[in-house]
Amino acid sequence: MTTEQRRSLQAFQDYIRKTLDPTYILSYMAPWFREEEVQYIQAEKNNKGPMEAATLFLKFLLELQEEGWFRGFLDALDHAGYSGLYEAIESWDFKKIEKLEEYRLLLKRLQPEFKTRIIPTDIISDLSECLINQECEEILQICSTKGMMAGAEKLVECLLRSDKENWPKTLKLALEKERNKFSELWIVEKGIKDVETEDLEDKMETSDIQIFYQEDPECQNLSENSCPPSEVSDTNLYSPFKPKKKKKKKK
């Protein structure tokens, strides 16, 4: 590996840290990493998460001096299923991964809704091409042992790290296929930058139920002719439209 390649790897390490879970490629890196280094990386993920583990992985990686380790790293990414990251590092072009950032931000904002509305087992097969094989297995295992909400939380975590440029659209199609209402919130047809926060909040508030209310003309002018509570019948409390009161005929 040339000095220029090493510098490039350092320059783009933030993209790698946000995408790579190093525990999925450690078995392929065995010829270059010592056993204790592998254990340190695995422990870092268990204790602090995949991003911290990726930081430690890159530290060990950049310290290597053995011949062929850079090619071995690329091959490990390819074998594990990190096709987007593999392509970006090989060409030193991270534009496709960079474009995913706006969708990651949107998914983070919608994460509470995602966790309550999504059943991962319904869509995992359609999303398999956007995830690592081990991730799919872990999601299904969590759904089985901890429930669908925990599985949905794991699915969000995996999508946020996905290096597949088509995962936002694939998620949209999977949701529409299942007629899941979350698809109304997951907007990919136009740029995320064009979607206002207020628009998302309105969709989140009205996606389940819409309540319409029509004011009785006799109650519109509160200052002149207020309607006392005693005149409102119990049967009309839950009706969207209030019936008009009948006028008494003069004798």
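**A guided tour of an all-helix chain: helices 10 and 11, then R104**

Begin by selecting helix 10 (residues 120-127) together with helix 11 (residues 133-146): their axes come within 11 Å and cross at roughly 170°. The model on display is a predicted one. Since an angle over 145 degrees counts as roughly antiparallel, helix 10 and helix 11 are therefore roughly antiparallel to each other.

Next, show the side chains at this contact. On helix 10, select P120, T121 and I124; on helix 11, select C136, I139, L140 and C143. Classified by residue type, this contact of helix 10 with helix 11 comprises six nonpolar residues and one polar residue, with no charged residues.

Now move to helix 8 (residues 101-109) and select R104 within this helix. Is R104 buried or exposed? Its relative accessibility is 5%, so R104 counts as buried. Follow the side chain of R104 to the backbone oxygen of L160, which it reaches at 2.8 Å. To display the surroundings, select K18, T19, I97, L160, R161, S162 and W167; R104 touches these residues, leaving aside those up to four places away in sequence.

Finally, return to a view of the whole chain. Colouring by secondary structure shows 14 helices and zero strands. Of the 251 residues in the chain, 39% are buried. A surface representation corresponds to an accessible area of about 15,600 Å², and carbon and sulfur atoms account for 48% of this area. For a contact map, take the contacts between residues at least 6 apart in sequence: 69% of them join residues at least 24 apart.

Terms used
Residues are numbered from 1 along each chain as its sequence is written. This is a predicted model: local features need pLDDT of at least 70, side-chain atom pairs count only at pLDDT 80 or more; totals for chains, interfaces and linings use all residues. Side-chain values use heavy atoms; hydrogens and water are left out. Axes are lines fitted to C-alpha atoms, for helices over the stretch in contact, and angles run from 0 to 180 degrees between N-to-C directions. Helices (H or I, at least four residues) and strands (E, at least two) are DSSP runs, numbered from the N terminus. Angles under 35 degrees count as roughly parallel, over 145 as roughly antiparallel, 65 to 115 as roughly perpendicular and the rest as oblique. Contact means heavy atoms within 4.5 Å. Ala, Val, Leu, Ile, Met, Phe, Trp, Tyr, Cys and Pro count as nonpolar, Asp, Glu, Lys and Arg as charged, and the others, Gly among them, as polar. Buried means under 20% relative accessible area, exposed over 50%, partly exposed in between (1.4 Å probe, protein chains only). Accessible areas come from the Shrake-Rupley method with a 1.4 Å probe; for residues, only the protein chains shown count as cover. A polar contact is a pair of N or O atoms within 3.5 Å; within protein, one must be able to donate a hydrogen and the other to accept it, and residues adjacent in sequence count only if both atoms are side-chain atoms.
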